[in-house]
Amino acid sequence: MSEKQNESKDPFRPLIFGEALFDHFPDGSRVLGGAPFNVAWHLKGFGANPLTVTSVGQDREGEEILERMDRWGMDTSGVQEHPSRPTGRVTAHLEDGNPSYDIEARQAYDAIMTEGLPRRPVLEGCDLLYHGTLALREPTSYNSLVYLRGNWPLPTLVDVNLRAPWWTRGKVLERLKGVSWVKLNQEELELLGRFSTQDPAALEEPGSRFREEHEINTLVVTLGQEGSLALTSHGSIRQGARKVGDGVDSVGAGDAFAAVLLLGIHLGWSVEVILRRASEFAGDICKIRGATSHDPELYARHLRSWGHAT
């Protein structure tokens, strides 16, 4: 992958915290997902060894999640099994390829318990922390995340996922304060920053103010067909979107982007390189149904194309 990773004795070990669930589609099909789970899946495809901290129900879908993780070679030691809550469920609707979601309440991933977290030596072996915002909607999982961040001050990527009515501005902003990296889309930035613009080109000034106000090192804004924008203390970097002529749907494109973002942070890629490679991989995910792929060659092809980058 790169000299840095090839020389490392152990593979990249990110701590991925949050929801694992099934997206149920109108045609009766269902797809395993949840943004943190999708990110962990992709990272495993790229040769990392993510520690996925989540909770599933003691039901058939919970068993299926564990079985699929095992078949993909993922570490299941951070997965809790809740005795009474169901495995997460979301009903996905697609209109012109764009997803919307009905997210059920009181799911297993809302009850990730502090006492069920991996032991200290396991957590101390992690390199980076990734979490979203959906799984923070109830106190149990929220407090577990606060405990992790308070006791293991890892470089952190917060992937904002604002899903009405499951978020409050104050709680989200509290989790963004002072973190290394934040990823969100234009609508989410405008909601949290309390400003509005119809022009992605006009995001730099209010986005930079937002970054500075909340002491974020690097703010990454995904812009759909307009690409992405990174705002840092050194200025702004823009990346155009990859053209996807035969796209199926955009479910999970942001999660694919986030996985490469994490990988690039770990490997020390420049922000320009991270945005380009994240866009390329997200474009490939748009060509398939759902958010993840079982095809090792998809990941191997990108790894080969990245081989000479620094």
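Helices here are DSSP runs of H or I with at least four residues, numbered from the N terminus. Keep that in mind for the stop just after α8, where E215 has a positive phi of about 55 degrees. One more thing before setting off: this is a predicted model.

**Whole chain**

Start zoomed out, with everything shown as cartoon. You should be able to pick out eleven helices and 13 strands. Turn the C-alpha trace onto its principal axes and the chain spans about 50 × 45 × 45 Å. How does the radius of gyration fit a compact globule? For 310 residues such a globule would come out near 19 Å, and the chain has 18 Å, which agrees.

Now switch on a surface. The chain exposes about 13500 Å², with carbon and sulfur atoms supplying 46% of that area. Buried residues account for 55% of the 310 in the chain. If you colour by charge, you'll have 33 positive and 43 negative charges to look at, and their mean positions lie 3 Å apart. As for contacts with a separation of 6 or more, 71% of them join residues 24 or more positions apart.

**Helix α8**

Next, select residues 204-213, which is helix α8. Show the side chains of P206, G207, F210 and R211: these are the helix's buried residues. Look down the axis of α8 and you'll see them fall within an arc of 140 degrees, so they line one face of the helix. Swing round to the other side of α8 and you meet E205, E212 and E213, which are exposed.

What sits over the buried residues of α8? Add α6 (169-176), α7 (186-193), β11 (218-222) and β12 (228-232) to the selection, since the cover includes these elements. Then step just past the end of α8 to E215 and check its backbone: this is the residue with the positive phi, about 55 degrees.

**V182 in strand β10**

For the last stop, select residues 181-185, strand β10, and centre on V182. Is V182 buried or exposed? It is buried, with a relative accessible area of 0%.

To see what surrounds V182, leave aside its neighbours within four places in sequence and bring up L157, V158, V160, L176, I216, T218, L219 and V220, with which V182 is in contact. Draw a distance between the C-alpha atoms of V182 and V158: the two residues are 24 apart along the chain, yet those atoms are separated by 4.8 Å.

Key: Residues numbered from 1 in each chain as written. Predicted model: local features only at pLDDT ≥ 70, side-chain atom pairs only at ≥ 80, totals over all residues. Heavy atoms only, no water. Helix = DSSP H or I, 4+ residues; strand = E, 2+ residues; numbered from the N terminus. Rg over C-alpha atoms; globule rule 2.2 N^0.38 Å. Buried < 20%, exposed > 50% of the residue type's maximum accessible area, 1.4 Å probe, protein only. Contact = heavy atoms within 4.5 Å. Areas by Shrake-Rupley, 256 points an atom, 1.4 Å probe, with all protein chains shown as cover. Lys, Arg positive; Asp, Glu negative; His and termini not counted. Charge placed at Lys NZ, Arg CZ, Asp CG, Glu CD. Arc of directions from axis to C-beta.
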